[in-house]
Amino acid sequence: MGERLRLNFRFRLLFLALLVAAMSNHQIPALTEASLSLGALDPLRIKRLEEQASALRNSVICAFNQLLDLKDLNTGVHSTRLAEWGMRVGQELGLEEAELQNLEVAALLHDIGKVGIPDAILRKPTRLDPEEYALMKRHSEYGWAVLRMLPGFERAALDILHHHESFDGKGYPAGLKDTEIPVVSRIVCVIDAFDAMVSSRPYRKGLPYEEAVRRLTEASGTQFDPVVVRTFLSFAQAEMSTVFAAAGTSVSSAL
Ligand SMILES: [Fe+2]
């Protein structure tokens, strides 16, 4: 119970900090005024307000990304590049612009809820016991709980909530399956799993690229949406060497 209260307090503090930062730029009052009298605005002013809204959205993404960095939860070049690949999968699957924007947020911030997981569990070098694993699984709910409070991020929050659902219904938190799982969540699930497989951690080396592809393909149709896996691998294979060269490693050197 004490831990829950501490987590709630941390989340509220984080949200408050973001709100204060946004208001100090006079962006939220400007948007509120605009929404009250949008009909009377000229196209130039509307364009400026849209730019302000977009800048605010990007600031929130950057702030949360820095938070992930502080907790050492980002995997550097992999995360950014894989988020880009997630967007490409989304484009190839014909997602609309609004969905692509949610996908960008969800791909970059899907694990933001891990901020609420104790370090002893996050960094445990050995297998988690059932109680620890149950707590670790809460990170998707924690991420949803934080992001849903930000105007414009509600849909991405839901996509984050479901990023550990499994295509066969054996995932968490809701046990959704197939197309019951939001398409953005299905894409993030594949991207996230691939990133986790190929990234090195202090206590283990990442898998070689070929082995990660084998595992993705093997779990296609059970854990992962087969269409997403096929789409992802159709271009990832061709570009993989560039990505790992940028990270200072090579595809075959266990990354
Ligand atoms: Fe996750």
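These legends accompany several close-up views of a predicted model. Residues are numbered from 1 along each chain as its sequence is written, and side-chain values use heavy atoms, with hydrogens and water left out. In this predicted model, local features need pLDDT of at least 70 and side-chain atom pairs count only at pLDDT 80 or more, while totals for chains, interfaces and linings use all residues.

**View 1. The chain as a whole has 12 helices and zero strands.** Helices (H or I, at least four residues) and strands (E, at least two) are DSSP runs, numbered from the N terminus. Of the 255 residues, 44% count as buried; buried means under 20% relative accessible area, exposed over 50%, and partly exposed in between (1.4 Å probe, protein chains only). Among contacts with a separation of 6 or more, 64% involve residues 24 or more positions apart, a contact being heavy atoms within 4.5 Å.

**View 2. Four protein residues hold donors of the iron ion.** Look for Asp-111 (OD), His-139 (NE2), His-163 (NE2) and His-164 (NE2), 2.1 to 2.2 Å from the iron ion. Donors are N, O and S atoms within 2.8 Å of the metal (3.2 Å for Na, K and Ca); water is not among the atoms, so sites may look incomplete. Along the chain, the donors are spaced as D-x27-H-x23-H-H. His-139 in helix 8 (residues 139-147) and His-163 in the loop between helix 9 (154-161) and helix 10 (183-198) are 24 residues apart, a pair that links distant parts of the chain. Both His-139 and His-163 are buried.

**View 3. Lys-114 joins the donor residue Asp-111 in a salt bridge.** Their closest N and O atoms are 3.3 Å apart. A salt bridge is a side-chain nitrogen of Lys or Arg within 4 Å of a carboxyl oxygen of Asp or Glu. Lys-114 is buried at 17% relative accessible area, and Asp-111 is buried as well, at 12%.

**View 4. Helix 9 carries a salt bridge between Asp-159 and Arg-155.** The N to O distance is 3.1 Å. These residues are four apart, so about one helical turn separates Asp-159 from Arg-155. Asp-159 is buried at 2% relative accessibility, whereas Arg-155 is partly exposed at 39%.

**View 5. A network of salt bridges links Glu-211, Arg-214, Arg-215 and Glu-218.** Within this network, Glu-211 and Arg-214 have their closest N and O atoms 3.0 Å apart. Both lie in helix 11 (residues 209-218), three residues apart, about one turn of the helix. Glu-211 is partly exposed at 22% relative accessibility, and Arg-214 is partly exposed at 41%.
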